[in-house]
There are 2 protein chains.
Amino acid sequence: MTVLNPSAGYRTLINTFTVEPERAEELLALLSEATQTIRRMPGFVSANLHVSLDRRYVANYAQWRSQEDFEAMLKHPDAQPHLREAAAIASSFTPILYDLRETHSVEGAA
Amino acid sequence: MTVLNPSAGYRTLINTFTVEPERAEELLALLSEATQTIRRMPGFVSANLHVSLDRRYVANYAQWRSQEDFEAMLKHPDAQPHLREAAAIASSFTPILYDLRETHSVEGAA
């Protein structure tokens, strides 16, 4: 379970992968496995893996304590093989680092 | 506060707007105002507004009870002026509808 709360002060990475629909499950499995390694790195908060309804996109919505922690992960030798594998399966990917500014939720939603 | 939980069964819209950095705040304000209308529509669960660190992107991570509820909102006469205004401020936008498949969180994170 992941909580989105602007006052937590995390950085949010939204990485959108374009993928051949028949390889979407393979990419999800690889990102899931990569997360088992990356989740132990300093500053990791969460990773949330999504697949589009048309299976042409996979998105990781990830929270990091700081931009520095996120960038240290990118350079970490244990992360790099996973990152390269994901890049090889995807047709392209667009990682964008955000701040969460506002959250509007229906009260009582799960 | 928004909770990401695959077992909730929501559909997730990630809408990524490309924007001139000097118009990012204007777009955020417009999306925030639009959410005051849209949050009252059936099936709305949450909207979460993000701005990229370089201010070239604004992203809305939104949860809906179903694809049908989301599509009904798009056609709703109260939503359409807001959607047109956002499209006019942004250089482009890419709405993609996802299912949340997996969540990995550090225990005890805020």
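Me: A salt bridge is a side-chain nitrogen of Lys or Arg within 4 Å of a carboxyl oxygen of Asp or Glu. So why is the pair Glu25(B) and Arg101(A) called a salt bridge?

Reply: The N to O distance between these side chains is 2.8 Å, which is within 4 Å, so the pair fits the rule. The rule finds 2 salt bridges across the interface of chain B and chain A. By the way, this is a predicted model, where local features need pLDDT of at least 70 and side-chain atom pairs count only at pLDDT 80 or more. Residues are numbered from 1 along each chain, and side-chain values leave out hydrogens and water.

Me: What makes a residue part of the contact between chain B and chain A?

Reply: Heavy atoms within 4.5 Å count as contact, and that takes 45 residues from chain B and 45 residues from chain A.

Me: How do you know how much area the two chains bury?

Reply: Buried area is the accessible area (1.4 Å probe) that two parts lose on being put together, summed over both. For chain B and chain A that comes to about 4100 Å², with 58% of it on carbon and sulfur atoms. In chain B, Leu53(B), Arg101(B) and His104(B) lose the most area to chain A, together 17% of what that side buries.

Me: Why do we say that β1 of chain A and β1(B) pair?

Reply: Strands are DSSP runs of E, at least two residues long, numbered from the N terminus. Two of them pair if DSSP finds at least two bridges between them. Here there are 3 bridges in the antiparallel sense, so the strands pair. One bridge joins Val3(A) to Val3(B).

Key. Chains are lettered from A and ligands numbered from 1 in the order in which they are written. Helices (H or I, at least four residues) and strands (E, at least two) are DSSP runs, numbered from the N terminus.
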